[in-house]
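Let us take a friendly walk through a protein model. Have a look at the sequence and the structure first, and then read on.

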Amino acid sequence: QVQLVESGGGLVQAGGSLRLSCTASGRTSMGWFRQAPGKEREFVAAISWGGVSTNYADSVKGRFTISRDNSKNTVYLQMNSLKPEDTAVYYCAADRTLLGYSDYAKDYDYWGQGTQVTVSS
């Protein structure tokens with residue numbers, strides 16, 4: 001069983017920054033997804049266990065950075081130049097079987113409780 005604990009959400013003005021954290025036990029590939037009201041959950045970023053391989057949704061490339069510190073069992077999502085359209089509940093996800101990473105929610109077996117990110121205009 002992998003337990004995920006997220007933190008770091010909040011309210012920020014457009015152009016501001018936030019850093020989300022997700023603590024996960026065990027050797028896992030990790031992803032961040034988000035879901036805005038009335039919309040489907042969408043991929044944001046993913047990182048392999050070793051941290052060498054990463055991938056981003058086009059909408060966040062150049063603004064968000066995913067990283068991990070395996071000594072702390074923690075994955076981070078640094079979000080810069082935030083826009084109102086980034087407002088959503090952000091979820092971290094983990095999987096023990098992926099060789100690299102995945103952009104698809106169905107490939108992740110474990111999910112955090114979600115943290116709200118609100119960007120005001």
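## A cavity and its surroundings

The residues that line the largest cavity divide into three nonpolar, four polar and two charged. Here Ala, Val, Leu, Ile, Met, Phe, Trp, Tyr, Cys and Pro count as nonpolar, Asp, Glu, Lys and Arg as charged, and the others, Gly among them, as polar. Please keep in mind that this is a predicted model, in which local features need pLDDT of at least 70 and side-chain atom pairs count only at pLDDT 80 or more, while totals for chains, interfaces and linings use all residues. Residues are numbered from 1 along each chain as its sequence is written, and side-chain values use heavy atoms, with hydrogens and water left out.

What is the volume of the largest cavity? It is about 40 Å³, and the count comes to one cavity of 30 Å³ or more. A cavity is a set of points, on a 1 Å grid over the protein atoms alone, where a 1.4 Å probe fits but cannot get out; lining residues have an atom within 4 Å of a point. Grid points are joined across faces, edges and corners, and the volume is the space filled by probe spheres set on the points.

The lining is made by Ala-24, Gly-26, Trp-49, Arg-68, Asp-69, Asn-70, Asn-73, Thr-74 and Val-75. Strand S7 (64–69) and strand S8 (74–79) each supply at least two of these lining residues. Strands are DSSP runs of E with at least two residues, numbered from the N terminus.

Asn-73, one of the lining residues, is found in the loop between S7 and S8. Another loop residue, Ser-81, lies between S8 and S9. The table puts the two side by side; partly exposed means a relative accessible area between 20% and 50%, with buried under 20% and exposed over 50% (1.4 Å probe, protein chains only).

| Residue | Phi (positive, not glycine) | Relative accessible area |
|---|---|---|
| Asn-73 | near 55° | 34%, partly exposed |
| Ser-81 | near 50° | 41%, partly exposed |

## The disulfide

A disulfide is a covalent bond between the sulfur atoms of two cysteines. The structure holds one disulfide (sulfur atoms within 2.5 Å). It joins Cys-22 to Cys-92, with 2.1 Å from S to S. Because Cys-22 lies in strand S3 (residues 18–24) and Cys-92 in strand S9 (residues 88–95), the pair ties together parts that are 70 residues apart in sequence. The torsion about the S-S bond is about 55°, so this disulfide is right-handed. Are Cys-22 and Cys-92 buried or exposed? Both are buried.

## Rings and charges

A pair of aromatic rings is described by the distance of the centres and the angle of the planes. Rings of Phe, Tyr and Trp (its six-membered ring) pair if their centres lie within 6.5 Å, and planes over 60 degrees apart count as edge-to-face. By this rule there are four aromatic pairs. One of them is the edge-to-face pair of Phe-33 and Tyr-108, at 5.6 Å centre to centre and 75° between the planes. Phe-33 and Tyr-108 are buried. Tyr-108 also pairs with Trp-111: the centres are 6.4 Å apart and the planes at 70°, so this pair is edge-to-face. Phe-33, Phe-43, Tyr-108 and Trp-111 form one aromatic cluster.

The charged end of Arg-41 sits over the ring of Trp-111, 4.7 Å from its centre. For this, NZ of Lys or CZ of Arg must be within 6 Å of the ring centre and within 35 degrees of the ring normal. Lys-106 lies over the face of Tyr-104, 5.6 Å from the ring centre.

How values were computed:
Helix = DSSP H or I, 4+ residues; strand = E, 2+ residues; numbered from the N terminus. Phe/Tyr/Trp six-rings, centres within 6.5 Å; stacked < 30°, edge-to-face > 60°. 1 Å grid on protein atoms, 1.4 Å probe; cavity = no way out; pocket = protein on both sides within 12 Å on 5 of 7 lines; lining within 4 Å.
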